[in-house]
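Dear colleague,

I am handing over the structure below, together with some notes on its helices and loops. Please read the notes with the coordinates open beside you.

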Amino acid sequence: MTASQSDQILRAARASLAHQRAGGRRRSIGLRSAELKRQHVARKAARIAMAVGVVLVAAMALGLVIDGIGLVGLLLTVLAVIGVVGFFATYPRLKVPDLATINRGDVRTMVGRTQLWLEAQAPALPAPAVRLVDQIGAQLDGLGAQLEGIDASQPAVAEVRSLVGEHLPGMVESWRRIPTHLRQEERGGRNADQQLADGLARISGEIDQITRQLAAGDIDALAVRGRYLDYRYGDALEGDALADNGALPVRLVPPVEKT
């Protein structure tokens, strides 16, 4: 196998990886989730480089032993390279975090996992909710950057992590568990889609206010605000339980409170 042939195979491998990276993926809603995706792709690229290297070394070693692999051997080598590139570019897939693991790790990881989880849910959400999810994704980057400079033992930080890592995904999960044919039924003047959009808008507003307070260095005000976050959003996780008669949940989203 000549050097030019090896270069052609490596170029084909890189082109295949680029195609796999670009295809079928929804754009990232935030910098943190994009960072997790880049790390995943980098690990894939490393596996592909190792696998292609093994194939090429094996082909060259075989050629030295039998005095050349011939046209058939070259074709088999190309097919082997394409095969390993296709396999390692596809597997393992980027795993979507589950609700139990979103809030683990440091703030950067928590924000990235929340963004990844929201991205995975977006295709099934109504259009108004998708727009809010995109907006929240961008807000989470700013909030995450602010939280990184604060002692993780601060009670207010724990409250914010609860809002972002538990109540936000929990609200979306509550909506997902409602049967499709019941989502348009109104209860209290709103259907489930409207309740979800309203709830996401409220959380977006909370994230904006918290980020502003953090930017101003007003930790005391944040601590006061944090004490009622659980009261305001805590029961959103319980809103996915349907009544025995199949009606919509009584409270998918907590009511608006004056602050």
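D67 lies in the loop between helix 2 and helix 3, and in this predicted model the phi of D67 is near 60°, a positive value in a residue other than glycine. The position of D67 is just after helix 2, which covers residues 31-66. That helix has 36 residues and reaches 52 Å from its first C-alpha to its last, close to the 52 Å expected at 1.5 Å a residue.

The next loop worth opening is the one between helix 3 (70-90) and helix 4, where P92 is placed. The peptide bond that leads from Y91 to P92 is cis, with omega near -5°.

Helix 4 (residues 107-121) packs with helix 6 at an angle of about 15°, and their axes are 10 Å apart. Because angles under 35 degrees count as roughly parallel, helix 4 and helix 6 are described as roughly parallel to each other. The crossing of helix 4 with helix 6 is left-handed. On the side of helix 4, the residues that take part are V107, M110, T114, W117, L118 and Q121, and they meet R161, V164, G165, L168, P169, V172, E173 and R176 in helix 6. Sorted by class, this contact has 8 nonpolar, 3 polar and 3 charged residues.

Helix 6 (residues 155-176) also packs with helix 7, here at an angle of about 170° and with the axes 10 Å apart. Since angles over 145 degrees count as roughly antiparallel, helix 6 and helix 7 are roughly antiparallel to each other. The contact is made by V160, L163, H167, L168, M171, V172 and W175 of helix 6, together with A192, D193, L196, G199, L200, I203, E206 and I210 of helix 7. The residues of this contact divide into 11 nonpolar, 2 polar and 2 charged.

How do helix 5 and helix 7 cross, and at what angle? The axes of helix 5 (residues 127-147) and helix 7 (residues 192-215) come within 9 Å and cross at roughly 20°, and the two helices are therefore roughly parallel to each other. Their crossing is left-handed. Among the residues that make the contact are L132, V133, I136, L140 and L143 of helix 5, and L196, L200, S204, I207 and T211 of helix 7. The full set of contact residues divides into 16 nonpolar, 6 polar and 1 charged.

Helix 7 can also be checked on its own, from one end to the other. At its start, a side-chain oxygen of N191 reaches to within 3.1 Å of the backbone nitrogen of D193. The 24 residues of helix 7 should span 34 Å at 1.5 Å a residue, and the end C-alpha atoms of the helix are 34 Å apart, which agrees. Just after helix 7, G217 takes a positive phi of about 75°.

With kind regards

Terms used:
Residues are numbered from 1 along each chain as its sequence is written. This is a predicted model: local features need pLDDT of at least 70, side-chain atom pairs count only at pLDDT 80 or more; totals for chains, interfaces and linings use all residues. Side-chain values use heavy atoms; hydrogens and water are left out. Axes are lines fitted to C-alpha atoms, for helices over the stretch in contact, and angles run from 0 to 180 degrees between N-to-C directions. Helices (H or I, at least four residues) and strands (E, at least two) are DSSP runs, numbered from the N terminus. Angles under 35 degrees count as roughly parallel, over 145 as roughly antiparallel, 65 to 115 as roughly perpendicular and the rest as oblique. A crossing is left-handed if the near helix is turned anticlockwise from the far one by less than a right angle, and right-handed if clockwise. Contact means heavy atoms within 4.5 Å. Ala, Val, Leu, Ile, Met, Phe, Trp, Tyr, Cys and Pro count as nonpolar, Asp, Glu, Lys and Arg as charged, and the others, Gly among them, as polar. The expected span of a helix is 1.5 Å times one less than its number of residues. A polar contact is a pair of N or O atoms within 3.5 Å; within protein, one must be able to donate a hydrogen and the other to accept it, and residues adjacent in sequence count only if both atoms are side-chain atoms.
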